[in-house]
Amino acid sequence: MSTQQRSVLSPAARTEHLGRLRAATAEAPLDVLVVGGGVNGAGAAFDAATRGLNVGLVESEDWASGTSSRSSKLMHGGLRYLQMLDFTLVAEALRERDLLLTRTAPHLVKPVKFVFPFFRKVIDRGFIGSGVALYDAMQSFGRKRAVPFHRHLLHRKMLEVFPGLDGDKAVGALEYYDAQMDDARFVMMLVRSAAQHDAAVASRTRVINYLHEGGKVVGARVRDELSGDQFDIHARATILAGGVWTQDQQDLAGAETGLEVLASKGIHIVVPREKIAAAPDTGIITQTEKSVLFLIPWDEYWVIGTTDTPWEHDPRTVAATGADIDYVIDHANAVLGEPLTREDVIGVYAGLRPLLQPVRKGSDSGSAKVSREHTVMEVEPGLSAIAGGKYTTYRVMAEDVVDFALKDLDPARRSLTRAIPVIGAQGYPALVKDKQRLMREYGFDEVRVDRLLFRYGDLLTDVLALVAEDPDLGLPLEHAPRYLRAEALYAVRAEGALHLADVLERRTRLDYETRHRGVDAAEEIAALIGPELGWDEQTARAEIEAYRAKVAARLEAESVQTDEQAAQLLGAALDTGAETQNAGATTTDADATKESR
């Protein structure tokens with residue numbers, strides 16, 4: 001099998017990967033088993049696989065279904081951490097951001113420009129200006145710059161660059177650069193990269209217990225959530241990258257010590273691009289009383305956030321409340337000339353930051369003050385856990401936790417991920433140069449081609465091969481014209497999507513990019529992917545109804561004021577949806593699992 005074929009995450013490939021995980025017995029264990037399919041787990045699997053190790057990766061839901069698909073979608077140094085004097089974290093994050101931009105993921109990470117407005121002419125220009133100057137200087141030490149230098153903007157120039165700012169309040173600004181990415185797709189591409197290097201990866205595969213032998217963790221017992229089948233996976237080292245579920249997993253392992261993680265809710269709203277006037281690819285960053293607020297340009301809309309509040313409910317049920325949305329709108333309106341209203345909001349998403357808790361549980365320390373630096377810890381012999389950090393430093397975190405897990409097993413195997421690109425990067429520059437040919441050959445405009453290149457890199461050739469086989473797949477989705485029909489099909493054939501929500505929420509981002517939150521596109525997408533997943537009419541209908549119920553619950557949550565109310569609404573919809581999907585499930589996956597034993 002070629003390396004390209006190994007990266008394909010189709011239903012048939014999942015069956016093969018499950019078979020390889022099942023074959024990891026006490027006599028022939030994996031070198032490393034990673035639990036958790038967010039950015040840290042995917043990064044750890046990729047790191048370990050590129051070292052030539054025998055690696056397994058399991059995730060109970062879809063890839064990046066938790067925090068890693070609900071971020072601000074920025075690869076950045078974290079300008080606000082300079083205020084906290086966290087120079088080491090900022091320098092590390094900037095170095096990693098530049099590595100992604102220039103070498104390892106230029107197809108998935110791109111520069112974005114921000115305007116930082118001043119409201120006190122002398123004080124802000126001196127204070128913020130010195131901070132950004134240091135931020136810029138840290139990007140120039142020992143390497144070629146990946147983004148342009150910052151510049152100061154006087155009042156008139158500020159309004160030329162960002163007309164949507166309130167010129168009566170803002171007296172000037174500073175312009176600087178960072179980078180952005182599609183977080184869910186980035187994780188999925190990391191998983192495919194791990195598979196390309198021969199890792200066995202399986203989503204919808206839940207750890208239900210940890211295996212112990214002689215007081216040491218030697219793997220995990222898992223359940224295939226599609227078939228219900230349970231089996232053991234043995235490993236010489238097990239890595240827990242559970243995010244906000246870390247403590248639950250530590251308890252499952254029977255660990256007496258471990259990492260304490262504080263769940264902090266952050267929400268973002270989405271508004272149409274035309275609602276805020278600005279130069280292309282230019283956003284805003286401004287400080288609030290609790291954190292910072294970003295207005296981030298993205299395709300045909302703006303992503304605006306975030307909040308930072310403790311979450312004390314089931315992590316599965318995190319949702320934005322009406323109070324959250326009003327908070328973000330109010331803070332955005334504090335800097336905008338034309339105020340936004342609730343009617344302008346076309347989408348909302350909420351996620352939980354897994355922040356390390358540096359103080360005793362039960363103290364009244366606010367989550368906004370918790371450090372973002374990561375920690376690796378052996379919570380049980382044979383079981384290493386990682387938590388904290390920030391999205392941009394995922395590669396460093398992955399390297400650290402794999403080094404830690406291997407320290408007594410195979411310390412000579414060093415990380416190679418500074419040099420090995422994420423899948424899709426290798427032929428990306430050549431495709432960018434070939435943009436005009438792609439436009440002529442497929443009848444796409446430049447915006448369409450740029451979107452496709454940013455989503456797939458050189459894997460775009462695989463998507464276009466589907467169009468060559470069936471030209472109808474080159475048509476836009478009727479209710480989501482930003483995406484081609486081929487993209488929905490490719491999500492199942494190659495990107496590991498197993499449910500309708502996987503396509504609507506993570507392979508595409510229709511759950512917040514459209515006013516209908518993806519509901520109007522559900523029928524068409526289900527018709528495209530159902531045959532690939534072996535769905536009958538009942539199963540397809542169950543998938544559609546489960547998604548509609550989830551969206552309805554989120555919309556209702558957006559009208560209530562408390563987290564408790566929102567969590568109850570979404571929890572009920574998720575439980576009903578799971579029952580509906582299970583009732584409509586076919587035996588295809590169960591039969592395939594039995595055959596691969």
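**Two helices and a surface patch**

Colleague: At the start of α20, which backbone nitrogen does a side-chain oxygen of Asp536 reach?
Modeller: Keep in mind that this is a predicted model. A side-chain oxygen of Asp536 comes to within 3.2 Å of a backbone nitrogen at the start of α20. That nitrogen belongs to Gln538.

Colleague: How far does α20 reach from its first C-alpha to its last?
Modeller: Let's work it out from the residue count. α20 has 21 residues, and at 1.5 Å a residue you'd expect 30 Å. The model comes close to that, with a reach of 30 Å.

Colleague: Is Arg554 buried or exposed?
Modeller: Arg554 sits in helix α20, which covers residues 537–557. Buried means under 20% relative accessible area. Arg554 has 18%, so it counts as buried.

Colleague: Leaving aside neighbours within four places in sequence, which residues is Arg554 in contact with?
Modeller: Contact here means heavy atoms within 4.5 Å. With those sequence neighbours set aside, the partners of Arg554 are Arg70, Glu505, Asp511 and Leu570.

Colleague: Why is α11 largely enclosed by the rest of the structure?
Modeller: Helix α11 runs over residues 394–406, so to speak, a stretch of 13 residues. Its buried residues include Tyr394, Val401 and Leu406. It's largely enclosed because the buried ones number 10 of the 13.

Colleague: Which residues make the nonpolar surface patch of about 330 Å²?
Modeller: One member, Ile123, has its place in helix α6, residues 121–137. Ile123 shares the patch with two others. The full set is Val122, Ile123 and Phe127.

Conventions
Residues numbered from 1 in each chain as written. Predicted model: local features only at pLDDT ≥ 70, side-chain atom pairs only at ≥ 80, totals over all residues. Heavy atoms only, no water. Patch = residues over 30% accessible without salt bridge, like charges linked within 9 Å, V, L, I, M, F, W, Y side chains within 5 Å. Areas by Shrake-Rupley, 256 points an atom, 1.4 Å probe, with all protein chains shown as cover. Salt bridge = Lys/Arg side-chain N within 4 Å of Asp/Glu carboxyl O. Helix = DSSP H or I, 4+ residues; strand = E, 2+ residues; numbered from the N terminus. Expected span 1.5 Å × (residues − 1). Buried < 20%, exposed > 50% of the residue type's maximum accessible area, 1.4 Å probe, protein only. Polar contact = N/O pair within 3.5 Å; in protein donor to acceptor, adjacent residues only side chain to side chain.
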